[in-house]
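Visitor: I'm new here, could you walk me through this one?
Guide: Sure, have a look first and then ask away.

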There are 2 protein chains.
Amino acid sequence: MPSLETKKAKPATPRERARAQTLVDIVRIGREHLAVHGAAALSLRAVARDLGVVSSAVYRYVQNRDELLTLLLIDGYNELGDQVDAAVAAAPEGDFAGQFRALGRAVRQWAIREPASYALLFGSPVPGYQAPGERTTAPGTRVIYRLVGIFEAAQRAGALNAEVSPGVVIPPDLAADLEAIRAGLGLSLPDEALARGVLAWTSIFGAISFEVFGQYGPDTFKARDELFEHQLAVLAGVAGL
Amino acid sequence: MPSLETKKAKPATPRERARAQTLVDIVRIGREHLAVHGAAALSLRAVARDLGVVSSAVYRYVQNRDELLTLLLIDGYNELGDQVDAAVAAAPEGDFAGQFRALGRAVRQWAIREPASYALLFGSPVPGYQAPGERTTAPGTRVIYRLVGIFEAAQRAGALNAEVSPGVVIPPDLAADLEAIRAGLGLSLPDEALARGVLAWTSIFGAISFEVFGQYGPDTFKARDELFEHQLAVLAGVAGL
DNA sequence: TTCTTGTCAAGAGCACTGCTCTCGAATGTT
DNA sequence: AACATTCGAGAGCAGTGCTCTTGACAAGAA
């Protein structure tokens with residue numbers, strides 16, 4: 001769609017410029033409210049108040065509360081994706097385990113810095129809200145794509161340990177799912193490595209969610225950095241790095 | 001507190017009986033609403049409507065919305081704890097890996113059956129709601145206590161593999177946390193085993209959360225039972241079982 | 001330059017929420 | 001029978017999402 005691109009690229013008329021500016025203002029204020037009060041308490045009226053405008057005016061820019069939620073969702077996915085990309089790129093090129101740990105650390109640090117956004121992306125779904133897949137899947141898959149990219153590069157470099165948990169077999173139905181993923185992304189990872197990558201993925205988010213969502217309790221773990229580093233190290237071993 | 005116990009045990013006066021009955025009715029209706037509309041949309045007015053009573057009447061039984069949330073929280077923790085206890089007890093006595101898998105399956109099945117309750121217990125915290133620790137910690141720690149109990153029994157039986165990830169060391173700060181846990185629960189597990197148990201714990205909930213919260217997407221994994229079984233098997237190996 | 005067209009903010013209004021207060025009725029106790 | 005407690009009903013306040021109408025304003029066309 002070249003027309004849409006150009007429309008986005010050059011907001012020639014001052015009207016469009018003003019409109020775009022108020023929209024980013026709305027998203028910015030929405031992010032602040034999200035951070036302070038949480039996703040379920042996100043109120044268009046409160047955003048309007050902070051914007052210095054009456055409530056009905058924001059409906060000129062945002063169709064409804066759900067669309068603002070979608071904008072914040074995309075915003076969060078992209079910010080997290082940028083953080084992860086930068087962290088992985090800063091790791092040594094051939095050090096795949098280091099890249100894996102850098103990815104995990106980047107996700108955790110972003111989650112701790114933006115707990116409300118993290119909860120919106122990876123926590124319990126907001127009741128009555130269904131994310132529009134056509135707008136959120138692309139930014140929402142950036143981290144996992146990056147992760148399998150690390151595994152794939154390690155595999156091609158011959159740095160992926162294939163014999164980690166020898167006794168575990170993969171049933172055919174699961175193998176079919178993994179084959180579909182492999183075909184969809186053009187990977188050469190064997191089933192075992194792919195499955196362990198999925199486990200590492202979910203485990204990282206499990207550890208972060210426990211910490212961010214307060215499941216550990218107030219004083220069960222004081223050395224949380226060290227705990228997470230330990231979990232990352234073990235998971236890297238599990239994944240074969 | 002014997003007086004409180006007797007008060008609970010024999011609701012002699014019919015008034016107290018009726019009061020207790022309406023309270024369990026409120027919790028029951030609250031659970032239904034939780035399952036249908038989610039935690040953030042839990043409305044005392046709607047509960048009152050279903051109870052056939054005006055909204056202000058429920059405030060005679062429940063102090064506010066947060067207390068109803070607390071009651072549902074305790075209810076959920078206990079239901080999950082009962083499921084886990086039953087599943088673990090049904091596993092063969094000396095088969096510690098089997099008990100571990102039974103625990104994981106029980107948690108997952110309950111989570112799939114009661115996704116809203118699972119979200120309330122382990123998902124993003126409800127904004128503005130702080131669980132009262134003195135009432136929720138006891139039921140909230142049943143599952144993790146059960147899990148470390150399995151590890152402890154395996155350790156005493158000499159069935160715990162100590163050399164799983166040899167290269168990973170535990171820094172002193174983390175060791176201090178683990179020592180406090182070990183002392184608090186009267187365990188004899190070494191640091192490595194305890195830390196890997198925590199990892200297994202968070203990883204199980206990470207896998208279940210991804211599935212229940214819809215992070216996998218609609219059709220990435222069709223063989224979800226097999227995927228979870230695979231993850232359980234790998235995690236049992238990681239934990240040393 | 002005037003006129004038309006489209007965009008915008010404002011405000012009223014509907015239905016909903018949590019929560020508090022008062023009042024009268026029902027209930028159990030003495 | 002008299003008293004005290006408990007309970008439900010209803011009104012009311014402040015907040016929410018969202019819709020609709022109204023009037024002001026600015027951009028482009030004649």
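**Meeting DNA strand D**

Visitor: How far is a base oxygen of DNA strand D from an N or O atom in the side chain of B:Arg45?
Guide: This is a predicted model, where local features need pLDDT of at least 70, side-chain atom pairs count only at pLDDT 80 or more, and totals for chains, interfaces and linings use all residues. Residues are numbered from 1 along each chain as its sequence is written, chains are lettered from A and ligands numbered from 1 in the order in which they are written, and side-chain values use heavy atoms, leaving out hydrogens and water. For B:Arg45, the gap to the base oxygen is 3.4 Å.

Visitor: Which residue has a side-chain N or O atom 2.7 Å from a phosphate oxygen of DNA strand D?
Guide: At B:Ser56, the side chain has an N or O atom 2.7 Å from a base oxygen of the strand. The phosphate oxygen, though, pairs up with the side chain of B:Arg19.

Visitor: How many charged residues are in the surface near DNA strand D?
Guide: Near means that a heavy atom of the residue lies within 4 Å of the strand. Asp, Glu, Lys and Arg count as charged, Ala, Val, Leu, Ile, Met, Phe, Trp, Tyr, Cys and Pro as nonpolar, and the others, Gly among them, as polar. Seven residues there are nonpolar and five polar, and the charged ones number eight.

Visitor: Is A:Thr70 buried or exposed?
Guide: Buried means under 20% relative accessible area, exposed over 50%, and partly exposed in between (1.4 Å probe, protein chains only). Because its relative accessibility is 3%, A:Thr70 counts as buried.

Technical notes:
Polar contact = N/O pair within 3.5 Å; in protein donor to acceptor, adjacent residues only side chain to side chain.
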